[in-house]
Amino acid sequence: MNRAQLDKQPADVASMFDDVASRYDITNDVLSLGQARAWRRSVSYAVAAGPGERVLDLAAGTGTSSMSFTHHGAEVVAGDISEGMLAEGRRRHPKIDFVYADALDLPFEDESFDVVTISFGIRNVHDVDRALAEMLRVLRPGGRLIVCEFSTPTFSPFARVYKEYLMRALPPVATAVSSNPEAYVYLAESIRAWPDQDEFAVQIRDAGFDQVKYRNLSGGIVAVHHALKP
């Protein structure tokens, strides 16, 4: 399956995540063998949100990651296109501002955030270049972009096993723990189709960001990309 075959309209993706909202976090913990929490901690460290800063957390889901950005006094806006996720997030974290936010047309003024972050969501966006342009637009000069996404393991033999065999195991496991296992079939295929760390770094740079770098987590299963708005 190639990237074009994975393209979905935002409403379709939103509906898919509506269906898994109530069990989304526990399903992710199971499917990642508990690594999801460590990945979230790494993102929080990379975001490094400080007092008075304004953070936009896109594809925020139920706000599990968003909460960590508030610990040092930052103001956090959690954006998502799934009304189900937003409703669940508002129920769990009433102190966070949850907003319907399509990454392709963000409902925010230019230069209104110090940090924009998105975890495990950008690969599900219909037009990644347009989404990156929107993130650049709403960032203040010198603002930080942090993108955490599944990537390509750095050890080639394991990368082949991971993408060809472990991805086949994901849908059956999701069937046992998820409220909508079909959603995880799509997610598994989207992981396989996503570019590797270096390709995505070039894409971020081409979108107009500066000082692009990344850090591999879990041997490259996940990569956290960091960039600045000039």
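These legends go with a set of close-up views of a predicted model.

**View 1. The whole chain, before zooming in.**
The protein has 230 residues, and 53% of them are buried. Its secondary structure adds up to 10 helices and 7 strands. Looking at contacts with a separation of 6 or more, 67% are between residues 24 or more positions apart. On the outside, the accessible surface comes to about 10500 Å², and carbon and sulfur atoms own 52% of that.

**View 2. The largest nonpolar core has 30 residues.**
Who sits in the thick of things here? The members that touch the most other members are Leu 56, Phe 108, Val 116, Ile 122, Met 135, Leu 145 and Phe 209. At least two core residues come from each of β1 (54-58), β4 (113-119), α7 (128-138), β5 (139-150) and α10 (197-206). The top contributor is α7, which puts in 6 residues. Apart from this core lies another one, with 25 residues, including Ala 60, Ile 96, Phe 120 and Ile 191.

**View 3. Zooming in on Phe 108, one of the best-connected core members.**
Set aside the neighbours within four places in sequence, and Phe 108 is in contact with Leu 56, Val 77, Val 99, Ala 101, Phe 113, Arg 137 and Val 138. Leu 56, one of these partners, is also on the list of core residues that touch the most other members. Arg 137 is in the contact list as well, so look for a charged residue among the company that Phe 108 keeps.**View 4. Helix α7, from its cap to its buried face.**
At the N-terminal end of α7, Asp 127 acts as the cap, with a side-chain oxygen 3.3 Å from the backbone nitrogen of Asp 129. Further along, the buried residues of α7 are Val 128, Ala 131, Leu 132, Glu 134, Met 135, Leu 136 and Val 138. Met 135 turns up again among the core residues that touch the most other members, and Val 138 is one of the contacts of Phe 108.

**View 5. His 225, a histidine tucked inside strand β7 (residues 222-228).**
His 225 is buried, with just 3% relative accessible area. A polar atom of its side chain lies 2.9 Å from the backbone oxygen of Gln 197. Not counting residues up to four places away in sequence, His 225 touches Leu 145, Ile 146, Val 147, Gln 197, Phe 200, Ala 201, Ile 204, Lys 213 and Tyr 214. Leu 145, one of these neighbours, is also among the core residues that touch the most other members.

**View 6. Two salt bridges between strands.**
The model has 8 salt bridges in total. In one of them Glu 75 pairs with Arg 54, and the closest N and O atoms are 3.3 Å apart. This pair links distant parts of the chain, with Glu 75 in strand β2 (residues 75-80) and Arg 54 in strand β1, 21 residues apart. Both ends see some solvent-accessible area: Glu 75 is partly exposed at 44%, and Arg 54 is partly exposed at 22%. In the other, Asp 114 pairs with Arg 140, with the closest N and O atoms 2.8 Å apart. Here too the pair links distant parts of the chain, from Asp 114 in strand β4 to Arg 140 in strand β5, 26 residues apart. Asp 114 counts as buried, at 16% relative accessibility, while Arg 140 counts as partly exposed, at 30%.

**View 7. A salt-bridge network around helix α6.**
Glu 88, Arg 91 and Arg 92 are linked in a network of salt bridges. The side chains of Arg 92 and Glu 88 meet at 3.0 Å, N to O. Why is about one helical turn the spacing here? Arg 92 and Glu 88 are separated by about one helical turn because they are 4 residues apart in helix α6 (residues 83-92). In an α-helix, residues three or four places apart point the same way. Glu 88 counts as buried, at 14% relative accessibility, whereas Arg 92 counts as partly exposed, at 30%.

**View 8. A nonpolar patch on the surface.**
Phe 155, Phe 158 and Val 161 form this patch, and together they have about 270 Å² of accessible area. Phe 158 lies in helix α8 (residues 156-177). Its relative accessible area is 32%, which makes Phe 158 partly exposed.

Definitions and conventions:
Residues are numbered from 1 along each chain as its sequence is written. This is a predicted model: local features need pLDDT of at least 70, side-chain atom pairs count only at pLDDT 80 or more; totals for chains, interfaces and linings use all residues. Side-chain values use heavy atoms; hydrogens and water are left out. A nonpolar core is a set of buried Ala, Val, Leu, Ile, Met, Phe, Trp, Tyr and Cys residues joined through side-chain atoms within 4.5 Å. Buried means under 20% relative accessible area, exposed over 50%, partly exposed in between (1.4 Å probe, protein chains only). Contact means heavy atoms within 4.5 Å. A polar contact is a pair of N or O atoms within 3.5 Å; within protein, one must be able to donate a hydrogen and the other to accept it, and residues adjacent in sequence count only if both atoms are side-chain atoms. Patches are made of residues with over 30% relative accessible area and no salt bridge: like charges are joined within 9 Å, nonpolar side chains (Val, Leu, Ile, Met, Phe, Trp, Tyr) within 5 Å. Accessible areas come from the Shrake-Rupley method with a 1.4 Å probe; for residues, only the protein chains shown count as cover. A salt bridge is a side-chain nitrogen of Lys or Arg within 4 Å of a carboxyl oxygen of Asp or Glu.
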